Number of protein chains: 2
Amino acid sequence: MQLSSRFTVAVHTLLVIHVFGKTEKVTSEFIAASVNVNPVVIRRTLQSLKAAGMVGVKAGSGGASIVKDLHDISLLDVYRAAGCVEGELFHFHETPNPDCPVGHNIHAVLDAHLADAQAAMENELKKVTLADLVAELPAKA
Amino acid sequence: MQLSSRFTVAVHTLLVIHVFGKTEKVTSEFIAASVNVNPVVIRRTLQSLKAAGMVGVKAGSGGASIVKDLHDISLLDVYRAAGCVEGELFHFHETPNPDCPVGHNIHAVLDAHLADAQAAMENELKKVTLADLVAELPAKA
DNA sequence: TTTGTTGTAACCTTTTTGATTACAACGTTA
DNA sequence: TAACGTTGTAATCAAAAAGGTTACAACAAA
């Protein structure tokens with residue numbers, strides 16, 4: 001089981017807007033051609049990124065642009081904006097038996113550790129900005 | 001989107017076996033009553049834990065037992081044994097456009113960072129052993 | 001042999017993801 | 001203002017996966 005691709009699609013989307021934004025009108029169809037998904041998926045992604053204050057989208061005339069400094073957008077920001085994980089990363093079985101000492105305390109002993117693990121992952125995503133990714137782009141081309 | 005509950009169910013299962021193993025025959029039905037899932041789900045969990053060398057299960061007569069020191073079983077071990085994530089945690093859209101500079105390089109610029117984030121999470125799980133959890137159990141009861 | 005349990009296949013339901021169609025709303029331009 | 005291309009968004013669909021459930025052969029012990 002893997003997390004939704006919304007996150008990587010969102011990162012890809014932002015990079016396309018950055019790279020082509022100066023020279024082309026970057027429409028949902030244009031981005032979709034690079035990511036290789038349906039344009040509607042990109043439009044939904046753009047709405048999420050817009051709600052997070054990262055991009056502007058021109059209804060009618062068309063075209064997306066980045067409205068925030070790439071140094072100020074971390075992978076964690078994109079991850080959160082994409083909304084592929086709501087709240088807790090780990091999933092608990094519902095209603096463990098409260099009459100059993102283990103079932104009664106399973107959350108008490110596990111929750112904090114799982115939260116730590118999730119925080120460690122998110123903290124790592126926070127270290128990387130889109131500006132870092134852009135810097136790596138040409139070098140690997 | 002959350003990870004499968006297989007992981008937390010597996011932890012719960014191991015704790016039940018530990019707590020009741022001395023005094024009762026811990027069957028899949030017994031564990032299922034604490035976790036509050038179907039006994040077959042527990043049997044499948046037990047097979048995974050058995051394959052990982054953590055438990056022994058008596059076919060026929062019934063009952064599961066732990067066959068490894070709890071100090072030597074980390075949450076990461078259980079996480080891996082439960083198999084709720086195969087390989088990569090993050091999911092990529094398939095076949096990004098290789099003719100686009102972004103599509104062509106998206107893996108090159110993202111893979112390492114995502115692997116770092118996943119490793120940070122797993123590393124945190126590695127720090128906690130089942131013995132730690134057991135130590136926390138009575139204190140919170 | 002009887003009883004209770006495991007091991008496992010098979011099937012079903014539910015949920016979720018992403019694909020897709022459809023279309024009204026919108027901006028630009030001719 | 002009319003035509004055109006694009007966005008915003010709802011609705012629907014198919015595919016995948018998770019967990020639930022039934023079923024039953026294999027097995028161990030009394």
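The following exercises, with worked solutions, concern a predicted model of two protein chains with two DNA strands.

**Exercise 1. Determine how chain A and chain B are related, and identify the residue of chain A that comes closest to the rotation axis.**

Solution.
Step 1. Two copies of a chain are related by a rotation about an axis and a shift along it.
Step 2. For chain A and chain B, the superposition requires a turn of 180° and a shift of 0.0 Å along the axis, and it leaves an RMSD of 0.0 Å.
Step 3. The two copies are therefore related as by a two-fold rotation axis.
Step 4. In chain A, the closest approach to this axis is that of Met121(A), whose C-alpha lies at 2.4 Å.
Step 5. Both copies use the same surface, since 100% of the contact residues of chain A recur in chain B.

**Exercise 2. Describe the packing of helix H4 against helix H5 in chain A.**

Solution.
Step 1. Two packed helices are described by the angle between their axes and the distance between the axes.
Step 2. H4(A) spans residues 75–82 and H5(A) spans residues 101–126; their axes come within 6 Å and cross at roughly 120°.
Step 3. Angles of 65 to 115 degrees count as roughly perpendicular and those over 145 as roughly antiparallel, so H4(A) is oblique to H5(A).
Step 4. H4(A) contributes Leu75(A), Leu76(A), Tyr79(A) and Arg80(A) to the contact, while H5(A) contributes Met121(A), Glu122(A), Leu125(A) and Lys126(A).
Step 5. By class, the residues of this contact comprise five nonpolar, no polar and three charged.
Step 6. Met121(A), one of the H5(A) contact residues, is also the residue identified in Exercise 1 as closest to the rotation axis.

**Exercise 3. Characterise the protein surface near DNA strand C, and state which helix gives the most to it.**

Solution.
Step 1. The strand has 28 residues around it, of which Ser5(A), Val41(A), Gly60(A), Gln47(B) and Gly60(B) come nearest.
Step 2. Helix H3 (39–51) of chain A and helix H3 (39–51) of chain B each supply at least two residues; H3(B) gives the most, with five residues.
Step 3. The surface divides into eight nonpolar, twelve polar and eight charged residues.
Step 4. On the DNA side, 61% of the strand C atoms within 4 Å of the protein belong to sugar or phosphate, and the rest belong to bases.
Step 5. Individual atom pairs illustrate each part of the strand. For a base, a polar side-chain atom of Arg44(A) lies 3.4 Å from a base oxygen. For the sugar or linking oxygens, a backbone N or O atom of Ser61(A) lies at 3.2 Å. For phosphate, a polar backbone atom of Gly63(B) is 3.5 Å from an oxygen.

**Exercise 4. Carry out the analysis for DNA strand D, and state which helix supplies the largest share of the surface near it.**

Solution.
Step 1. Strand D is surrounded by 28 residues, the closest being Ser28(A), Gln47(A), Gly60(A), Ser5(B) and Val41(B).
Step 2. H3 of chain A and H3 of chain B each supply at least two residues, and the largest share, five residues, comes from H3(A).
Step 3. The classes here are eight nonpolar, twelve polar and eight charged residues.
Step 4. Of the strand D atoms within 4 Å of the protein, 59% belong to sugar or phosphate and the rest to bases.
Step 5. Ser28(A) places a polar side-chain atom 2.8 Å from a phosphate oxygen. An N or O atom in the side chain of Arg44(B) is 3.3 Å from a base nitrogen. Ser61(B) has a backbone N or O atom 3.4 Å from a sugar or linking oxygen.

Conventions: Residues are numbered from 1 along each chain as its sequence is written. Chains are lettered from A and ligands numbered from 1 in the order in which they are written. This is a predicted model: local features need pLDDT of at least 70, side-chain atom pairs count only at pLDDT 80 or more; totals for chains, interfaces and linings use all residues. Side-chain values use heavy atoms; hydrogens and water are left out. Copies are superposed by least squares on the C-alpha atoms of residues with pLDDT of at least 70 in both. Contact means heavy atoms within 4.5 Å. A residue is near a molecule or strand if one of its heavy atoms lies within 4 Å of it. A polar contact is a pair of N or O atoms within 3.5 Å; within protein, one must be able to donate a hydrogen and the other to accept it, and residues adjacent in sequence count only if both atoms are side-chain atoms. Helices (H or I, at least four residues) and strands (E, at least two) are DSSP runs, numbered from the N terminus. Ala, Val, Leu, Ile, Met, Phe, Trp, Tyr, Cys and Pro count as nonpolar, Asp, Glu, Lys and Arg as charged, and the others, Gly among them, as polar. Axes are lines fitted to C-alpha atoms, for helices over the stretch in contact, and angles run from 0 to 180 degrees between N-to-C directions. Angles under 35 degrees count as roughly parallel, over 145 as roughly antiparallel, 65 to 115 as roughly perpendicular and the rest as oblique.
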